[in-house]
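Q: Could you take me through the buried interior of this one, up close? I'd like to hear what packs against what.

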Amino acid sequence: MADREAEIARASAAARPAGVSGLEAFLLRERPTTQKLIWLVIALAVASLARWLAGYFTGGLPLIFYMPVLVFLSLIGGWRYGLASLVIATPLGWLLFGPPTMFQGASTWATELITLIIWILVGAVLIATLHFVRLALTGAQQNEIRFRKLLGATSGLVLATDAKGYVQVPQAGWTDITGMPWPDYAGHGWLKAIHPDDVSRFVPDRAIPHDEFYSEVEIRLWSASAADWRWYNARGVPVHNLHGGVEWIAAMREIHDQKLAEDKRDLVIGELRHRMKNLVAVIDALARGSNTANEPAVNAFLTRFSGRLHALGAAADLVLAGQRVAIECGAVIRAALAPFTDENSNRITAEGPQIQLGEAVGGSIGMAMHELATNAIKYGALSVPNGKVTVTWAVTPLVDGERVVIDWRESGGPRPVPPNREGYGSRVIRAAAAQERQANVNVDYAAEGLHCRITFVKDAEGPPASAAAD
């Protein structure tokens, strides 16, 4: 325990920032052994002088004058020096001022023995108590130093307020960034540095449960160096004290350049989506406008081509809308089936958890779903009034990834008949997951209806599967 105390004291002395002063800094300051011994001699001499000036008396407890020595040495030097002062002060006071007589009527030796035992017990308890007090003070100071160092190391701001958002002490870095000197930002004055449109989203105005974090928000903070508003990411956490009160600590990190880049990217992506949709529409119009003969075979081809084109365009639009190279499985399936659900909203069911797919496999699955829906309308369950289609998907965690299973089931329609040869649509369906590991597409022409199962293993890079989507 003594080694732990010395270690904390040395770390505290090494990390203590300049300007720290006061009684706590004086008591916990790391001192050389020579200086501690000098303090021990001086303290014992002062206590002996005070006892002598008080006058010699035969009653009472003369050793009581050495009690402040135990307290002083235990605080500035630790329990070792407190114990040393007890060991030295006991015979010193006894020899200089004679034995006390605390208990009248008892024999001399009994009185001296009882007095000695009481003095040693009281001194030992006092030294032990002061040792733990010193440890607590040292730990508290070290925590404060660590907190100050953390504030100095962070690239942003840390703002500490009470439960109502009042700032009561100067905040490190606030003046340097906002240009507001203390105490101009005391109380709610710091809100002047927050953009008026962002204040209502940042100030706590309700009771916070014990483990709830303040929602992360983006705010604009005034920058004195830039003479303009700059974007910051702000997140606060409530700190509950032992008395049931709460304080707020909010960390703010500058994201101005990142925010501007995101806004610019949004504009570019929006323009790209607009151009892509126009391109799909132009290609579709050119294809349909080229059918001057109005032949049934050409019309059928144009219908399939247009459907595949729009399914691929819907998948690409999902990628751009999500601003990433991944597609959510349910979103791409619903987008591919959207052209068929207008007249069959009660006959097509699609449900499953959220699964992030790669751009390539997502687009392929979108085209496969379109082909299956087209065949269902022409030959399968959707070609009759009572037929239904159910699309479900699920994910199973594996050691090296996740297994994805997508099931297309038809019911209530005519008995499916296997094709005599594999056409382009069949090849599109079978290639739905060819880019992924352990990919397999099985088409079962069962009597109750067509069943197509697509399975593959994907790397577990995206978020875990959640509850079934609506």
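A: Let's fix one word before going in: buried means under 20% relative accessible area, exposed means over 50%, and partly exposed is in between, all with a 1.4 Å probe and protein chains only. By that yardstick C452 is buried, at 1% relative accessibility, and C329 is buried too, with a relative accessible area of 0%. A search of the whole structure turns up zero disulfides (pairs of cysteine sulfur atoms within 2.5 Å).

Some ground rules. This is a predicted model, where local features need pLDDT of at least 70 and side-chain atom pairs count only at pLDDT 80 or more, while totals for chains, interfaces and linings use all residues. Residues are numbered from 1 along each chain as its sequence is written, and side-chain values use heavy atoms, with hydrogens and water left out.

Now the main attraction. A nonpolar core here is a set of buried Ala, Val, Leu, Ile, Met, Phe, Trp, Tyr and Cys residues joined through side-chain atoms within 4.5 Å. The largest one has 36 residues, and I333, M369, V391, I406 and W408 have the most contacts inside it. Elements that each supply at least two of its residues include helix 10 (329-341), helix 11 (359-378), strand 8 (388-398) and strand 9 (401-411); helices (H or I, at least four residues) and strands (E, at least two) are DSSP runs, numbered from the N terminus. Helix 11 gives the largest share, seven residues. Take I333: leaving aside neighbours within four places in sequence, I333 is in contact (heavy atoms within 4.5 Å) with I365, M369, V391, W393 and I406.

There's also a second, separate core of 18 residues, with L191, A193, Y232 and M252 among them. M252 is one of the residues touched by L157, and so are A172, G173, W174, I177, L221, A250 and A251, not counting residues up to four places away in sequence. L157 sits in strand 1 (residues 157-162) and is buried at 3% relative accessibility. Its C-alpha atom is 8.7 Å from that of I177, 20 residues apart along the chain.

T178 belongs to helix 7 (residues 174-178) and is buried, with a relative accessible area of 5%. Beyond its neighbours within four places in sequence, T178 contacts A193, L221, W222 and A224. A polar contact is a pair of N or O atoms within 3.5 Å; within protein, one must be able to donate a hydrogen and the other to accept it, and residues adjacent in sequence count only if both atoms are side-chain atoms. A polar side-chain atom of T178 lies 2.6 Å from the backbone oxygen of W174, and the T178 side chain reaches the backbone nitrogen of M180 at 3.3 Å.
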